[in-house]
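Got the viewer open? Let's take a short walk through this one, a stop at a time.

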Amino acid sequence: MAAGVLIAESLRVGTVLDDLSLIVQKIQRSAPGNVTADQPPVWTLVFFDVADTEAEALATRLSDALDTPGWYVDLHTTQDSFIVFPGRVIRYRRGDPQGRAEAQEYGRAHGIPDSQLDWPI
């Protein structure tokens, strides 16, 4: 199973994601304290699992649903990381420092502070 975290506030207003095969593991409200001026001070984190075979398709759907600026979803299988930004998915092998660095640089260039570029290795 692939595991991911979606911040509900990162979805564009009016977005509908239906017919999903997600297993919601946990929902948590959090005040991260490291938000940007474009982000709300309290977030709703949805921790979920999805079949490995559906991870890439879900990443694409989430990429189409995320708001700008400064949001992403992290989604990981045992082998691959999918870092999902609005309009772009960066996929790399887990543990690949070059792939991770590319995703982090892309995030920085799109308004995400370093303190939020902390997805699992």
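Select Lys26 and Phe47 to begin: the charged end of Lys26 sits over the ring of Phe47, 4.5 Å from the ring's centre. Keep in mind as you look that this is a predicted model.

Stay with Phe47 and bring up its strand. Phe47 is in strand 3, standing opposite Val5. Now colour the whole of strand 3, residues 43-50: seven of its eight residues are buried, so to speak of it as mostly covered is fair.

Which way do the neighbours of strand 3 run? Show strand 1 (residues 2-7) and you'll find it antiparallel to strand 3, with six bridges joining the two. Next, show strand 2 (residues 23-30), which is also antiparallel to strand 3 and is joined to it by seven bridges. For one spot along that second pairing, click Gln28: its bridge partner in strand 3 is Leu45.

Time for some rings. The whole structure holds four aromatic pairs. Pick Phe85 and Tyr106: their ring centres are 4.8 Å apart and the planes meet at 55 degrees, so this pair counts as tilted. Phe85 belongs to strand 5 (residues 80-85) and Tyr106 to helix 2 (residues 97-109), so the pair ties together parts 21 residues apart in sequence. Are these two buried or exposed? Both Phe85 and Tyr106 are buried.

Add Tyr72 and Trp119 to your selection, and you have a cluster: ring pairs link them with Phe85 and Tyr106.

Last stop: click Arg88. Arg88 lies over the face of Tyr106, 4.6 Å from the ring centre.

Note on methods
Residues are numbered from 1 along each chain as its sequence is written. This is a predicted model: local features need pLDDT of at least 70, side-chain atom pairs count only at pLDDT 80 or more; totals for chains, interfaces and linings use all residues. Side-chain values use heavy atoms; hydrogens and water are left out. Buried means under 20% relative accessible area, exposed over 50%, partly exposed in between (1.4 Å probe, protein chains only). Helices (H or I, at least four residues) and strands (E, at least two) are DSSP runs, numbered from the N terminus. Two strands pair if DSSP finds at least two bridges between them. Rings of Phe, Tyr and Trp (its six-membered ring) pair if their centres lie within 6.5 Å; planes under 30 degrees apart count as stacked, over 60 as edge-to-face and the rest as tilted. A charge sits over a ring if NZ of Lys or CZ of Arg is within 6 Å of the ring centre and within 35 degrees of the ring normal.
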